[in-house]
Amino acid sequence: MARHRCYLLEAALRLPDIAYAGAMGSRRTHDDRLARPVEAGLAEEEIARLSSPIGLDLGVRTPEETAISIAAEIVAGRWGGSGGSVFSTVFFGLT
């Protein structure tokens, strides 16, 4: 697999007011991707803003389900949600 820098992702991570920066890919791709921003001179706090692999673990199988899991992650991050089951939290009193 050819490794290349993602200039758009680097630019997004440098933006101070960006609400969400994510990248699709496997966990292995994510691990490989983390080395490139360091090489590009990004600060630790900039790299920490990267959400990758993107989406909540919903057991998705289709592109539509992937889109829902990504939207759910964005909403959870915006409002401080855990991404866990509301049923468990409400019914069993779990937090």
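**Close-up views of a predicted model**

**View A. The buried side of helix 1.** Leu9, Glu10, Ala12 and Leu13 are the buried residues (under 20% relative accessible area with a 1.4 Å probe, protein chains only; exposed is over 50%, partly exposed in between) of helix 1. Viewed down the axis of helix 1, these buried residues fall within an arc of 160° (taken from the directions from axis to C-beta atoms), so they line one face of the helix. Tyr7 and Leu8, on the other side of helix 1, are exposed. The partners against which the buried residues of helix 1 pack are strand 1 (21–22), helix 2, helix 3 (44–47) and strand 2 (50–51). The model is predicted, with residues numbered from 1 along each chain as its sequence is written, and side-chain values use heavy atoms, without hydrogens or water. Local features need pLDDT of at least 70 and side-chain atom pairs count only at pLDDT 80 or more, whereas totals for chains, interfaces and linings use all residues.

**View B. The chain as a whole.** Five helices and two strands (DSSP runs of H or I, at least four residues, and of E, at least two, numbered from the N terminus) form the secondary structure of the chain. Along the sequence, these elements follow the pattern α-β-α-α-β-α-α. Of the 95 residues in the chain, 25% are buried. Among contacts (heavy atoms within 4.5 Å) between residues at least 6 apart in sequence, 60% join residues at least 24 apart.

**View C. The largest nonpolar core.** Seven residues make up the largest nonpolar core (buried Ala, Val, Leu, Ile, Met, Phe, Trp, Tyr and Cys joined through side-chain atoms within 4.5 Å): Leu9, Leu13, Ala21, Ala23, Leu42, Ile47 and Leu50. Apart from neighbours within four places in sequence, Leu50 is in contact with Leu9, Leu13, Ala21, Gly22, Ala23, His30, Arg33 and Leu34.

**View D. Ser51 and the cis peptide bond.** Ser51 belongs to strand 2. Its relative accessibility is 13%, and Ser51 therefore counts as buried. The C-alpha atoms of Ser51 and Gly22 lie 4.4 Å apart in space, although the two residues are 29 apart in sequence. With neighbours within four places in sequence set aside, the contacts of Ser51 are with Tyr20, Ala21, Gly22, Ala23 and Glu73. The peptide bond that runs from Ser52 to Pro53 is cis, and its omega is near -10°. Pro53 is placed in the loop that joins strand 2 to helix 4 (63–79).

**View E. The largest cavity.** One cavity of 30 Å³ or more is counted (1 Å grid over the protein atoms alone; points where a 1.4 Å probe fits but cannot get out). The count itself comes from this rule. The volume of the largest cavity (space filled by probe spheres on points joined across faces, edges and corners) is about 50 Å³. Cys6, Leu9, Glu10, Arg33, Arg36 and Pro37 form its lining (an atom within 4 Å of a point). At least two lining residues come from each of helix 1 (7–14) and helix 2 (27–39). Helix 2 contributes the most to this lining, with three residues.

**View F. The largest pocket.** The largest pocket (an open set with protein on both sides within 12 Å along at least five of seven lines) has a volume of about 320 Å³. Its lining comprises 15 residues, and Arg27, Pro53, Ile54, Gly55 and Leu56 are those nearest its centre.
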